[in-house]
Every structure is written in C-alpha cells, then in structure tokens.
Amino acid sequence: MVLAKLFFAFLKVGLFAIGGAYSFLPLIEKEVVENYRWLSKEEFLDVFGMVQIFPGAISIKYATYTGYKIAGVMGVIAANIGNLLVPVLLILFGSFLYVRYKNTPSVKGAFGMVQLVVFAMIIALAFQTVNINQLSHFRNILIIVLSFILFVYAKVHPALIIICAGILGAFLK
C-alpha cells in the first residue's frame, strides 16, 4: 500500500511539474509534508539543501530520498517510476509529433518563438540566482567573463568550469 502511495504522490508531481524545478517544489512539499507527512517541514528544507549539492532533477532526488526513507529501495523505485512516467510518455508523444511535423512552417515558428522565450527566462533566472551585490566586485565580474569565454569560445566542458570555480572559491573565500 505504501508503494502505491509513493507512486501516486510522485505521479502527481510528474504530471504537474511544468516550468522547471523550483516552480513545482510547492507541489512536492504538499505531497510529502502535508498530504502524507512522510517528511516534516524542517526535514523537507534540509533535504532541499542537500539535493542542490547533487546533479540531476530535483524531483528525482526528492522521490529518491522520500522513497528510500519510507520503503527502502522498493520505495525509491515506486516513487521514481511515478515521477517519470508522465513526462516520459509526453516526451515520447511530443517526439513523435516533432519528427513528423518539424518542417512545417507553423511548427518551426512555434519552436523559434519558444526558443526566444526560454532564452529570456534563462537570463532572468541567471539574474535571480546571483546576489546583485556580488556584481559590484571586480573579481566576481572577472570570474563571470572568464567562465563565459571558456564556455563559449574555448569550448571547455561546463562541468570542468564549475568544478574549477568551486575549488577557486574555496581558496579565495
């Protein structure tokens, strides 16, 4: 019974997880803290801090943590299948449609417009993730510019840039 509850709780998350990780955190909280009380509010926030350290989708990390806490490895499997089922099926359907109709003018126009909007949202998110006061320090501006140059022009792998920045930040404090 608990495996079914884990599956359906994270199926809801997967079904309504539109707009990126941070937009559906309230949905995850509603399911795991309020509806099922698998995590306390404090534990939910502690896990949020932990999941930001590791790579991958936040919903998968919450499904993994919650599933493991509640029902061990089988709980992890149930929660993650629920979490991934709807997005996988929708992407499969969308991929079928895209491959079939990608050269039609309306589909090209729609994707072109969506690309511009996503670009704007990425820029907005970038500004939201940085404390504006950080941009007043020359060293930080230099790091941003160097990272941009390394990524865009030198084609350095982004993971290497991130790791090196973390190491540099640990020593520069």
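This passage walks through the salt bridges, the largest pocket and a nonpolar surface patch of a predicted model.

Salt bridges come up first. The count comes to four, and three of the pairs are described here. E29 and K41 meet through their side chains, with 2.3 Å from N to O. This pair ties together distant parts of the chain, since E29 belongs to helix α2 (residues 25-35) and K41 to helix α3 (residues 41-51), with their positions 12 residues apart in the numbering. The two partners differ in how much of them is covered. E29 has a relative accessible area of 16%, and because the cut-off for buried is under 20%, E29 falls into that class. K41, with a relative accessibility of 43%, counts as partly exposed.

Helix α3 takes part in another bridge as well, this time with helix α4 (residues 58-101). Here K69 pairs with E43, and the closest N and O atoms sit 2.7 Å apart. K69 lies in α4 and E43 in α3, 26 residues apart, so this is again a link between distant parts of the chain. On the acidic side, E43 is buried at a relative accessible area of 17%. On the basic side, K69 is partly exposed at 41%.

The bridge between E34 and K30 is a local affair. Both residues lie in helix α2, four residues apart, or about one turn of the helix. Their side chains meet at 3.2 Å, N to O. Neither end of this pair is buried: E34 comes out at 42% relative accessibility, which makes it partly exposed, and K30 is partly exposed too, at 38%.

Next comes the largest pocket, which holds about 930 Å³ of space. Its lining is made up of 20 residues, and A126, T129, V130, I144 and S147 are the ones closest to the centre. Three helices, α5 (105-129), α6 (138-152) and α7 (158-172), each give two or more residues to this lining. Of the elements involved, α5 gives the most, with seven residues. In chemical terms, the lining of this pocket has 16 nonpolar residues and four polar ones, and no charged residue is found there.

On the surface, a nonpolar patch is formed by V2, L3, Y68, V73, M74, I77, I81, L85, L89 and L92, which together offer about 920 Å² of accessible area. Helices α1 (2-16) and α4 each supply at least two of the patch residues. The largest share comes from α4, with eight residues. Among the members of the patch is Y68, which is found in helix α4. Y68 has a relative accessible area of 54%, and because exposed means over 50%, Y68 counts as exposed.

Not every residue of α4 faces outward in this way. A78 is also found in helix α4, but at 11% relative accessibility A78 counts as buried. A78 also shows how α4 meets the start of the chain: A78 and L3 are 75 residues apart in sequence, yet their C-alpha atoms are 5.9 Å apart in space. L3 itself is one of the residues that form the nonpolar patch.

Methods. Residues numbered from 1 in each chain as written. Predicted model: local features only at pLDDT ≥ 70, side-chain atom pairs only at ≥ 80, totals over all residues. Heavy atoms only, no water. Buried < 20%, exposed > 50% of the residue type's maximum accessible area, 1.4 Å probe, protein only. 1 Å grid on protein atoms, 1.4 Å probe; cavity = no way out; pocket = protein on both sides within 12 Å on 5 of 7 lines; lining within 4 Å. Points joined across faces, edges and corners; volume = space filled by probe spheres on them. Nonpolar A, V, L, I, M, F, W, Y, C, P; charged D, E, K, R; others polar. Patch = residues over 30% accessible without salt bridge, like charges linked within 9 Å, V, L, I, M, F, W, Y side chains within 5 Å. Areas by Shrake-Rupley, 256 points an atom, 1.4 Å probe, with all protein chains shown as cover.
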